[in-house]
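Please walk through this structure with the backbone and the bound ligand both in view. The explanation begins with local backbone geometry and then turns to the ligand and its surroundings.

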Amino acid sequence: MNVSGKTKVCALIGDPVEHSLSPVIQNSAFKHLGLDYVYVAFNVKANSLKDAVYGIRALGIHGLNVTMPHKIAIIKYLDGLDETASRVGSVNTILNSDGRLVGYTTDGVGALNALKHAGVDPSGEKVVILGAGGSSRAVAFTLAEIASELVIFNRTFDRAKDLKNALCRFLGDELRIKAAPLTDEHLKKELEDADILINATSVGMKPNSDDTPVKQDYLRKDLVVFDLVYEPLETRLLREARLAGAKVINGLSMLIHQGAVSFKIWTGMKAPVEIMMDAALKKIKQSESSASNNGKGDAAF
Ligand SMILES: NC(=O)c1ccc[n+]([C@@H]2O[C@H](COP(=O)([O-])OP(=O)(O)OC[C@H]3O[C@@H](n4cnc5c(N)ncnc54)[C@H](OP(=O)(O)O)[C@@H]3O)[C@@H](O)[C@H]2O)c1
């Protein structure tokens, strides 16, 4: 990588970002295509977000990824939003065009592309989504347009109802969208004839890797189970789904695919998805082996 005064800078902002895979993923793509770009990560605390956005303009940073906890808070500091980001109310990508910062969300299309990449077409399927947070909203707005039925489960039921109402207003269709509280009884019933189950909660994420949002008994062979959590790569939910014979898709696939759409926004070029995936898996292997050499026995992302 030959960094010079002309190199375009892209960056991730969030808190924490130290173990993010995004620098490895994006730099592998820039290098593969011989682009004069570099990608770095900045830890930005919530109370510094406004200053950070001024800094982006002042420093001429070309493109940004935005992660927790800034995906919603950053919107008020931007100059515009694309239609999807505006609808979802969340931003994970920014393009700086001569000082004008426009926000996008690539989470929904990233999830859709991860499904398609695994050979799963959600068109006309019954989809059950667990969670009503930022990523669930993005995924739900993308899939609601094509699924035959969408059921949103959330621990805080009011948030599931709010998301359902927002989707119904967007689609003008009350029938295909349902909201339900995250209880075994409701899950069992809705999963009986579901085609695709998506976990968009943080349940099962490291360090709580023994947790799962769904009882193993409800998982079956003809269900596709997609977990947005990518740390660990195989969550308890995915492990139990695999053992039940279900088709499983992990969160790394979505991370790569949403990153690929960000890449296109910044460069105008199609991202080399396989190269990005190989770079991420290599980095995960390295982290796992250095963690086990240090006696920690787990990967650091
Ligand atoms: N693979 C990717 O590219 C990608 C992209 C984005 C996010 N993610 C992952 O997706 C997950 C959610 O992210 P987010 O941005 O949507 O977070 P978020 O906005 O904070 O939402 C968190 C969701 O998890 C639910 N939740 C948290 N703890 C729970 C528990 N103990 N039991 C039941 N529900 C619980 C919350 O329910 P309440 O409303 O009741 O609090 C909420 O629905 C994270 O693990 C994140 O790493 C992955």
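**Backbone geometry and the ligand site**

Asp98, in a model that is predicted, is placed in the loop between strand 5 (93-97) and strand 6 (100-104). Although Asp98 is not a glycine, its phi is positive, at about 50°, and with a relative accessibility of 85%, which is over the 50% cut-off, Asp98 counts as exposed.

Most residues other than glycine have a negative phi, and most peptide bonds are trans. Two peptide bonds that precede prolines are worth inspecting alongside that residue. The bond from Lys206 to Pro207 is cis, with omega near 10°, and Pro207 belongs to the loop that connects strand 10 (196-199) with strand 11 (224-227). The bond from Glu231 to Pro232 is likewise cis, with omega near 10°, while Pro232 is found in the loop between strand 11 and helix 8 (236-243).

The ligand takes up the space of the largest pocket. Around the ligand there are 25 residues, of which Ser135, Asn154, Arg155, Thr156 and Arg159 come nearest; by class, this shell comprises 11 nonpolar, 10 polar and 4 charged residues. Helix 5 (134-144) and helix 9 (251-267) each supply at least two residues of the shell, and helix 9 gives the most, with 4 residues.

Turning to individual contacts, an oxygen atom of the ligand is 2.8 Å from an N or O atom in the side chain of Arg155, and an oxygen atom of the ligand is 2.7 Å from an N or O atom in the side chain of Arg159. A nitrogen atom of the ligand, in turn, is 3.0 Å from a polar backbone atom of Leu228. Taken alone, the ligand exposes 920 Å², and the protein buries 78% of that area.

Definitions and conventions. Residues are numbered from 1 along each chain as its sequence is written. This is a predicted model: local features need pLDDT of at least 70, side-chain atom pairs count only at pLDDT 80 or more; totals for chains, interfaces and linings use all residues. Side-chain values use heavy atoms; hydrogens and water are left out. Buried means under 20% relative accessible area, exposed over 50%, partly exposed in between (1.4 Å probe, protein chains only). A residue is near a molecule or strand if one of its heavy atoms lies within 4 Å of it. A polar contact is a pair of N or O atoms within 3.5 Å; within protein, one must be able to donate a hydrogen and the other to accept it, and residues adjacent in sequence count only if both atoms are side-chain atoms. Accessible areas come from the Shrake-Rupley method with a 1.4 Å probe; for residues, only the protein chains shown count as cover. On a 1 Å grid over the protein atoms alone, a cavity is a set of points where a 1.4 Å probe fits but cannot get out, and a pocket is an open set with protein on both sides within 12 Å along at least five of seven lines; lining residues have an atom within 4 Å of a point. A molecule sits in a cavity or pocket if more than half of its atoms lie within 2 Å of its grid points. Ala, Val, Leu, Ile, Met, Phe, Trp, Tyr, Cys and Pro count as nonpolar, Asp, Glu, Lys and Arg as charged, and the others, Gly among them, as polar.
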